[in-house]
Amino acid sequence: MASRHPPRVYRSLAEHYDKIFSPLRHPLDLARKRLLEPLLGNVKSACDLGCGTAATALELARRGIRTFAVDLSPAMCRVAREKVRHAALPVQVLCADMRSFRLPEPVDLVLCECDALNHLPARADLARVARAVAQALAPGGWFYFDVNNARGFERYWTGEFWIEREGLAVAMHNGYDPVRRRAWSNVDLFVREGRLWRRLQERVEEVCWTGAEIREALKAAGFTAIRCHDAAPFFRGYPDFDRGCRSIYLARKQLRNSPAPSSASRSTKK
Ligand SMILES: C[S@@+](CC[C@H](N)C(=O)[O-])C[C@H]1O[C@@H](n2cnc3c(N)ncnc32)[C@H](O)[C@@H]1O
C-alpha cells in the first residue's frame, strides 16, 4: 500500500543545497538540453516537481515558459522563492507533496530531476505520483524525470563521503539495504560562523524501483511512448555514475480518446 506518511524533506540542507550539489547541475542540464530540446519549442507551460532551489524552473522561465515549481520542503520553497524574486522571473512556487499536488492549470511538461522521485517514503507511492502528474498535464503532455537505480545506490550510496566548500564541510554517512531497496544518508553539515563552526544534521532516505516497476506505474497512469535513457553519457568524468546507475525517463500522457498504450512502447535499454 502507498505510504501516507510525510516524507523526510530537506531542512538544514536547503540553504546550502546549491553550494553542495552544484557539480550535479552540469550533467543534469546537459541531459535536459539533449533529451528535451526537441520538445521545448511546443512547451508553453511547465512544472518543476521536487524543484529544490528551483534551478530548472528558473531555466525554463528564462525561456519564456510559464512555470510552476513544487516542493514539499518549506525550507526549499523559501530558498526557491528568494531566487525567483532575485531573478525577477514569473515562477510560481507551491509547497506541496508530489503524491497529491494540484496545479492551477494543466501544463505541457512536468520535470522531476536529480532523483527527487526516489525521495518518496514507499515504492508504492510512485503510482500516486504518476497519477498526480498525469492529472497535472494537458493531453499529450510530457513527464521527464531521472532516478537512481539499485546499481547507483550500491555505487554511491554506500560508505562515507566528505565534501568541502567555502565555509562549509559535509560528511555523508550513507547506506543501502538491497533487500528492502532503501538507501539513507545521515548528513553532518558544518557551517562556518565567524571563527566557529555550527553543526547541523539531516537524514535523507531514498527508495528504488526496477525499470519494469517504473513502466508499470507510468502505463497504469495513462502514459505512453515511454523512453528510458541511461544517464551515464551525461555524467562523463563522474566515475561513480557509470552505466546502469541512473536512468532518465521521458513519457507522454495519452492524447484524449487515444487507444490504451500497447506493450510495444519504445524504449532504450536501461
Ligand atoms: C535531491 S533534491 C532535487 C532538487 C531539484 N529537483 C534539483 O534538480 O536540484 C530532492 C527534492 O525533492 C523534494 N521532495 C522530496 N519529497 C517530496 C515530495 N513528496 N513532494 C515534493 N517534493 C519532495 C525535496 O524537498 C528536495 O527539494
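Into which domains is the chain divided? Let's find out by colouring. Keep in mind that this is a predicted model.

**Stop one: the domains.** Select residues 14-148 together with 210-253 and give them one colour: that's domain 1. Now pick 153-205 and use another colour, and you have domain 2. If you mark the centre of each domain from its C-alpha atoms, the two points are 23 Å apart. Next, look at where the domains meet: 19 residues of domain 1 are in contact with 19 residues of domain 2.

**Stop two: the ligand.** Click on the ligand and show its surroundings. It sits in the largest cavity, with 19 residues around it. Show Arg25, Gly50, Asp71, Met98 and Glu113 as sticks, since these are the closest ones. Try colouring the whole shell by class, too: you should get 11 nonpolar, 4 polar and 4 charged residues.

**Stop three: the polar contacts.** Which atoms should you zoom in on? Start at Asp71, where an N or O atom of the side chain is 2.6 Å from an oxygen atom of the ligand. Then go to Gly50: here a polar backbone atom lies 2.7 Å from a ligand nitrogen. Finish with Leu72, which also offers a polar backbone atom, 3.2 Å from a nitrogen of the ligand.

Now switch on the protein surface and see how much of the ligand is left showing. On its own, the ligand has 590 Å² of accessible area, and the protein covers 98% of that.

Notes:
Residues numbered from 1 in each chain as written. Predicted model: local features only at pLDDT ≥ 70, side-chain atom pairs only at ≥ 80, totals over all residues. Heavy atoms only, no water. Near = heavy atom within 4 Å. Polar contact = N/O pair within 3.5 Å; in protein donor to acceptor, adjacent residues only side chain to side chain. Areas by Shrake-Rupley, 256 points an atom, 1.4 Å probe, with all protein chains shown as cover. 1 Å grid on protein atoms, 1.4 Å probe; cavity = no way out; pocket = protein on both sides within 12 Å on 5 of 7 lines; lining within 4 Å. Sits in = over half its atoms within 2 Å of the grid points. Nonpolar A, V, L, I, M, F, W, Y, C, P; charged D, E, K, R; others polar. Domains from an automatic or database assignment. Contact = heavy atoms within 4.5 Å.
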